[in-house]
Structures are given as structure tokens and as C-alpha cells.
Amino acid sequence: MERVCFTLMDNVTTIAHEAAYRRCGILHRDISPSNILISEGNESKDGGGLLIDWDLCKNVNSTEHKARCASRTVRIEWLLICTAVLINWNQGTWQFMAADLIAD
Amino acid sequence: MSLEATNSSLVEFFIEHESQPNMDPFIVLKSKACSLCINPFVKDSTEGISTLGRMTSYVTSHLGSQFRTHVFFVLIVHNYARIIRWGRGGAVVTAPIRFNEERHLFDFFIRYNYAKSDIRGSDSSIRAPKTEELHAATRLIDEFRDSGADKGKAKKFLVVSVPRRGYNNESDHYVIEAPFATISPPTGRATRTFIAYDIRRNMRVFVRDSWRINIIGVPKEGDSYAKLRAHNVPSIAFCSNSGDIGDDTYHTTQTHCFVDADWAPSPKPAAEFTPHRRYRIVLDTIGTPLERFKCSRDMVRAIRASLIGEFFGSWNAYALPLWITSLL
């Protein structure tokens, strides 16, 4: 039953983030409102939206641990910029990060 | 000098003067470091942090309003100076230069005066548009502006180049509006986006200029788009061109190369300096920012298309907003 459900989901998955993961093994890793655009194109084709900014994405099969640690978005509050280059930040678009990553 | 009266897009480099020694944000090397500091190179004092914040705001404005690979900054504190090289990967700071006794500061100014534009940090992939390019770009970009305030407003335009995919030594050129300074931090990817005019194809496109993470395990965005396209992933913009810009000498960040240098402070900074590489990508699909939705249905539909799986496929676009509202 589980296999049937997953097969069914895979067959009908049409949406960007899940399709990227299921079909290509790509994780976007920087989902935030600024990376979602309203599409003015063909709604039936793109569902009315676009997922952009794939420059921090990662192949889920990648064994490079460093990529996870050092490559996430640096989104630093204005008053703290001065030390951004000099101390070790837990990086990420923090408002949208998973709790585990913030706690890490 | 008031920052409001300063046009950062015209500045070659900033010189900051602080009359009191305690305003130096950095410790003098060989002095006893503060054992409680995360990084002993930075002074843990209000005055020092204040100076560092001010310098950073100048550099943010400088890098943000121009196309620069790096900028130099001279900090004068009382009777000595420091020369700082700011790039997208961090900053390299010299030891104090006693300019009344040593000639390094004067050597710097003389060498800077004769240096090539690449060494100064100017981006060689930028040029001014020709008249006919300017007319076409103004018309196409103006058509796209939905704001009455900006429509028809005179803007400064520049031409950026991107290596043409599949062709050696050939580039495509795009007319964009000149960038303006934002509060984005000076280090990091420094992503800037533009509605642009594609000169070769005579059409409107979306150009994204950034400094990509240059480490193993993080693929180039253009390659990711190609892979997504090959697997028919929906709700993905069409990427028509992408590539690294310029050469590896000036369009690659340098700070991480000096962490282990003999003259670098010890112990080493706790930060892991991430190397970056200048990169541009061109998308033929132009979307509207999510916050400019005209009705809640547009917004929810866009989020659904970007994120949510077909689990919600049987929900129509009117039921989904109600469902999300109930969660809020």
C-alpha cells in the first residue's frame, strides 16, 4: 500500500520543490518568500508560480559535508555586519531555517 | 563628509580618519589579546565596533552602487594608518603603518595611481551602452515598469556581458539599469537582479549577478537549471545563459587564501572563509515578486506551485487559501 501511494504521488507530482527532489535528487535549501515569484506565463504549465535562486541547491547524494556547513545564505542583520567576516556565523535565512539548523 | 551628500557610485576609495587611538577597531599585533574575545583581532570595545560598523557601511555603499570585484579602504587612526582590501569573501587588514616614519602608505597611493583597473577592482565585463542599445533598452525596460513613479524616469544604464554558452571566447551582452546601494552585507553572494535588454535577441530578460559559492558540492546554478529542465521539473524559469565572469585572478575572492599566511593573526579567526566566484545567469522567464500579489489567490497559487506536492492537487485554488488561513 505504501509503495502504491508513493508511486501515485511520484506520478502526479507536478510542483517545483518536490519534483526537483524526486526527479533530480536536488534540494533547494534556501526557500524564502523572496525566492518565489508569481508567474505571468502559462498557468497550466507552471502552476502560477516560479521557484528561483537555485545557487545554494545541493545534490542529496553529495558526500561533501563542507557544502552544507559553509554555503548557506549569509543574511546578517544590519548592525551586526561589522563582525560578519570575522566570527563564525550559523548561516542561513534564519527566519525560514529549520529549528535543527538554528540549534546546530 | 556627509554620506547623504556622497555619491558612492563615483567613489574610487574611501579614507576614514579617527583622531583617537581607541577608535581603531583592531588590536595592534603582538599586544596581549583579549582572552574573552571570540576573535582577538577585533577590539571588544564600543568605540572600536562603532568605527568598524561605520567603515562597513561605507564599503557596503561602495560595493553596492558599483560593479567592483574588490575595493581598498584606508583607515587613519591618530598617527598610523591601515590599508584594508574588502572583497566579497572578507577583508584583509594591514598592521599599523606609521606614516610619519614608514613609506608604505605613500607607496600604496603611488602604486594605486598607476595600477591597472583590474587591480583597482573595476569590473572589466561592464561597459557603457551605445545609443541604439540605450533606446531599445529604455523602451523595453520602461514597458515592464508598472510603477507610475518610475515610468519614463531617466536612469543610468550599463551593459554587462555573460559568456555565451557553448561558444568559446564569445559573450552575450545585456543592458541593465545601474545598481544602487542597498543594506545587503558587503560579504557573501551579493546577489543583484535586473530586468535587462538582451541585445542579440532583442528581447527582455532577467539577469542575476552574484558571487557563487566556489566549493565542491555546490553546483553552478546554470547546471542545476539544466538538470531541472532535463527532468521536466515544472515551475522553473527558463535559463538561456549562464557562466563565470572574468578571470580567476580578479573575479575570485582572495581573503580565504591569506588565513594561513605567516603575517596573519594567531590564533586563526574562528570563521570559515568561503571562497566565491563571480557568476551571472540569464532567465527568459520574468516573474513578479511574491509581495506584489494582486489577490490572495495569486499568492497562494505561486507558493503552492513552488513548494507543495500534489498532495494538494485535488484542492482547488479557492479552497487552499481557506485552509492556510485556518492555520494562521
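## A walk around chain B and its link to chain A

Let's start with one residue: setting aside neighbours within four places in sequence, B:Val207 is in contact with B:Val160, B:Tyr174, B:Ile176, B:Phe194, B:Ala196, B:Arg280 and B:Val282. Keep in mind that this is a predicted model.

B:Val207 turns up again when we look at the nonpolar cores. The largest of these has 50 residues, and B:Tyr174, B:Ala196 and B:Val207 touch the most other members. At least three residues of this core come from domain 2 (126-290) of chain B, and at least three come from domain 3 (292-327). There is also a second, separate core of 17 residues, with B:Tyr58, B:Leu63, B:Val71 and B:Val77 among them. As a general point, nonpolar side chains in soluble globular proteins tend to be buried together.

Now for the strands. Which strands of chain B make up the open sheet of 7? Reading across, the order is E5-E6-E7-E8-E9-E11-E10, with antiparallel pairing. Strand E5 (126-127) and strand E10 (239-244) are the edge strands, and each of them pairs on one side only.

Here are some antiparallel pairs from chain B, with their bridge counts:

| Strand | Partner | Bridges |
|---|---|---|
| E6(B), residues 157-163 | E7(B), residues 171-177 | 7 bridges |
| E7(B) | E8(B), residues 192-198 | 2 bridges |
| E8(B) | E9(B), residues 203-213 | 7 bridges |

You can pick out individual residues facing each other across these pairs. B:Pro163 stands opposite B:Ser171 in E7(B), and B:Tyr174, which we met in the core, stands opposite B:Asp198 in E8(B). One strand further along, B:Tyr197 has B:Arg204 of E9(B) opposite.

Two helices lie across parts of this sheet. Helix H4 (residues 131-144) of chain B crosses E6, E7, E8 and E9, running at about 120° to E8(B). Helix H5 (residues 221-230) of chain B lies across E9, E10 and strand E11 (276-283), and its angle to E10(B) is about 150°.

Zooming out, chain B has 7 helices and 12 strands. Of its 328 residues, 36% count as buried. If you take the contacts in chain B between residues at least 6 apart in sequence, 59% of them join residues at least 24 apart.

The domain assignment splits chain B into domain 1 (3-120), domain 2 (126-290) and domain 3 (292-327). Where domains 2 and 3 touch, domain 2 puts in 4 residues and domain 3 puts in 6 residues. On the domain 2 side there are 2 nonpolar, 2 polar and no charged residues.

Finally, where do the two chains share a sheet? An open sheet of 3 strands runs E3(A)-E2(A)-E12(B), again with antiparallel pairing. Strand E3 (49-51) of chain A and strand E12 (288-289) of chain B each have a single partner strand, so one side of each is left without a neighbour in the sheet. Within chain A, strand E2 (residues 36-38) pairs with E3(A) over 3 bridges, and A:Ile38 has A:Gly49 as its bridge partner in E3(A).

A helix from chain B meets these chain A strands too: H6(B) lies across E2 and E3 of chain A, at about 40° to E3(A). Is helix H6 (residues 296-306) mostly covered or mostly open? It is mostly covered, with 8 of its 11 residues buried. Those buried residues include B:Met299, B:Val300 and B:Ile303, along with B:Arg301 and B:Arg304.

Definitions and conventions: Residues numbered from 1 in each chain as written. Chains lettered and ligands numbered in written order. Predicted model: local features only at pLDDT ≥ 70, side-chain atom pairs only at ≥ 80, totals over all residues. Buried ≥ 20, exposed ≤ 12 C-beta atoms within 10 Å, placed from the backbone. Helix = DSSP H or I, 4+ residues; strand = E, 2+ residues; numbered from the N terminus. Core = buried A, V, L, I, M, F, W, Y, C linked by C-beta atoms within 7 Å. Domains from an automatic or database assignment. Contact = placed C-beta atoms within 7 Å. Nonpolar A, V, L, I, M, F, W, Y, C, P; charged D, E, K, R; others polar. Pairing = 2+ DSSP bridges. Axes fitted to C-alpha atoms, helices over the stretch in contact; angles between N-to-C directions.
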